[in-house]
Amino acid sequence: MLETTGAPARQWKDRIAALSGTEPGFANFLGRAIGSADEQDLLLYPPQTLEAVLRKTFSHIGERTPGQPDIRLWTSSEPGLDGLTIIDIYSADTPFIVDSALAAIRAAGGAIRFMTHPVIALDTATTPWRVLEAPTDTSRNESVLQVHIDTPADPKTVETIRLELTQTMAQVRA
C-alpha cells in the first residue's frame with residue numbers, strides 16, 4: 001500500500017481510499033505504484049493524468065506468459081504526456097530488474113523522466129487474475145516496472161530500446 005508520507009504522496013491517500021471500496025485491486029496497485037515512485041517525480045503530472053496512465057498499465061496485469069517478461073512501449077493521449085514514451089515491463093519479481101532495465105534504457109539512448117516499480121501479489125487461482133493485498137499460497141509476486149522516457153527522435157531508437165530490454169530481462173531471469 002501507500003507508505004510514503006511526503007506531501008505529493010499524501011494527496012493520493014483519499015483517492016486510493018475511495019477506490020478501495022469499488023476497485024480494491026486497482027487501489028492496491030495504485031497505492032504501491034505511488035509508494036514506489038520518487039516523491040519529486042510525482043510532481044511531474046497532475047494526479048488524474050498519472051492515474052489514467054497507471055490504470056492502462058493495470059489493465060494488462062496477468063496477461064504475460066509465465067516465465068517470460070511482457071515489455072510494452074506506448075504513448076498516451078493524456079494531457080501533459082506529449083513527447084513521452086511509456087515503457088511497461090511485466091515480469092516475475094526477481095533481483096536486479098530495476099537497475100538492469102534502467103541501464104538498458106539508457107544504453108539504448110533513452111532519457112528517463114519518471115519511474116515506478118510496484119510489486120504486487122497476483123492471485124493465479126482465479127480467472128481473471130486478481131491483485132491481492134498480500135501474497136497467498138496461490139499467488140505469485142509480479143513486478144510491474146513503468147518508465148517514462150522522452151520519445152526518441154529516431155523511431156529506430158524505440159526498437160533498440162525494446163530489443164535491449166528483451167535481452168536484459170532474459171539475462172536477469174537467468
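Trainee: Let's start with phenylalanine 29: is this residue buried or exposed?
Mentor: This is a predicted model, so we're reading a computed structure here. Anything under 20% relative accessible area counts as buried. Phenylalanine 29 comes out at 1%, so the verdict is buried.

Trainee: How many aromatic pairs turn up in the whole structure, and what kind of pair do phenylalanine 26 and phenylalanine 58 make?
Mentor: Searching the whole structure gives 3 aromatic pairs. For phenylalanine 26 and phenylalanine 58, the ring centres are 5.3 Å apart and the planes meet at 65°. Planes over 60 degrees apart get the edge-to-face label. That angle is why the pair is called edge-to-face.

Trainee: How many residues apart in sequence are the parts that this pair ties together?
Mentor: Check which helices hold the two rings: phenylalanine 26 belongs to α2, while phenylalanine 58 belongs to α3. The pair therefore ties together parts of the chain whose separation in sequence is 32 residues.

Trainee: And is phenylalanine 58 buried, exposed or partly exposed?
Mentor: Its partner phenylalanine 26 is buried, at 2% relative accessible area. Phenylalanine 58 has 21%, and buried needs a value under 20%. So phenylalanine 58 lands in the class partly exposed.

Trainee: What about phenylalanine 29 and phenylalanine 58, what sort of pair is that?
Mentor: The ring centres lie 5.5 Å apart, with the planes at 40°. Stacked would need under 30 degrees and edge-to-face over 60. Since 40° fits neither label, this pair is tilted.

Trainee: Which residues do the ring pairs link into a cluster?
Mentor: Phenylalanine 29 sits in helix α2 and phenylalanine 58 in helix α3, 29 residues apart. Phenylalanine 26 also pairs with phenylalanine 58. Put together, the ring pairs give a cluster of Phe26, Phe29 and Phe58.

Trainee: Which ring has the charged end of arginine 55 over it?
Mentor: Look for the ring whose centre is 4.0 Å from that charged end. The ring in question belongs to phenylalanine 26.

Trainee: Which element gives the most residues to the largest nonpolar core?
Mentor: That core has 26 residues, and Leu30, Leu50 and Ile61 touch the most other members. The elements giving two or more residues are α1, α2, α3, β2 and β4. With 6 residues, the top contributor is α2.

Trainee: Beyond its neighbours within four places in sequence, which residues does isoleucine 61 contact?
Mentor: Isoleucine 61 is among the core members with the most links to other members. Once those neighbours in sequence are set aside, its contacts are Phe29, Tyr90, Ile120, Leu122, Val131 and Val144.

Trainee: How many residues are in the other core, the one that lies apart?
Mentor: Its members include Ile87, Leu102, Ile105 and Ile161. The count for that core is 20.

Trainee: Back to α3: which of its residues are buried?
Mentor: Helix α3 runs over residues 47-58 and reaches 16 Å from its first C-alpha to its last, close to the expected 16 Å. Its buried residues are Thr49, Leu50, Glu51, Val53, Leu54 and Thr57.

Trainee: Finally, what is the radius of gyration of the protein chain?
Mentor: The chain has 5 helices and 6 strands, and its C-alpha atoms fill a box of roughly 45 × 35 × 25 Å. A compact globule with 174 residues would have a radius of gyration near 16 Å. The chain agrees with that, because its own value is 16 Å.

Key. Residues are numbered from 1 along each chain as its sequence is written. This is a predicted model: local features need pLDDT of at least 70, side-chain atom pairs count only at pLDDT 80 or more; totals for chains, interfaces and linings use all residues. Side-chain values use heavy atoms; hydrogens and water are left out. Helices (H or I, at least four residues) and strands (E, at least two) are DSSP runs, numbered from the N terminus. The expected span of a helix is 1.5 Å times one less than its number of residues. Buried means under 20% relative accessible area, exposed over 50%, partly exposed in between (1.4 Å probe, protein chains only). A nonpolar core is a set of buried Ala, Val, Leu, Ile, Met, Phe, Trp, Tyr and Cys residues joined through side-chain atoms within 4.5 Å. Contact means heavy atoms within 4.5 Å. Rings of Phe, Tyr and Trp (its six-membered ring) pair if their centres lie within 6.5 Å; planes under 30 degrees apart count as stacked, over 60 as edge-to-face and the rest as tilted. A charge sits over a ring if NZ of Lys or CZ of Arg is within 6 Å of the ring centre and within 35 degrees of the ring normal. The radius of gyration is taken over C-alpha atoms; the globule rule is 2.2 Å times the number of residues to the power 0.38.
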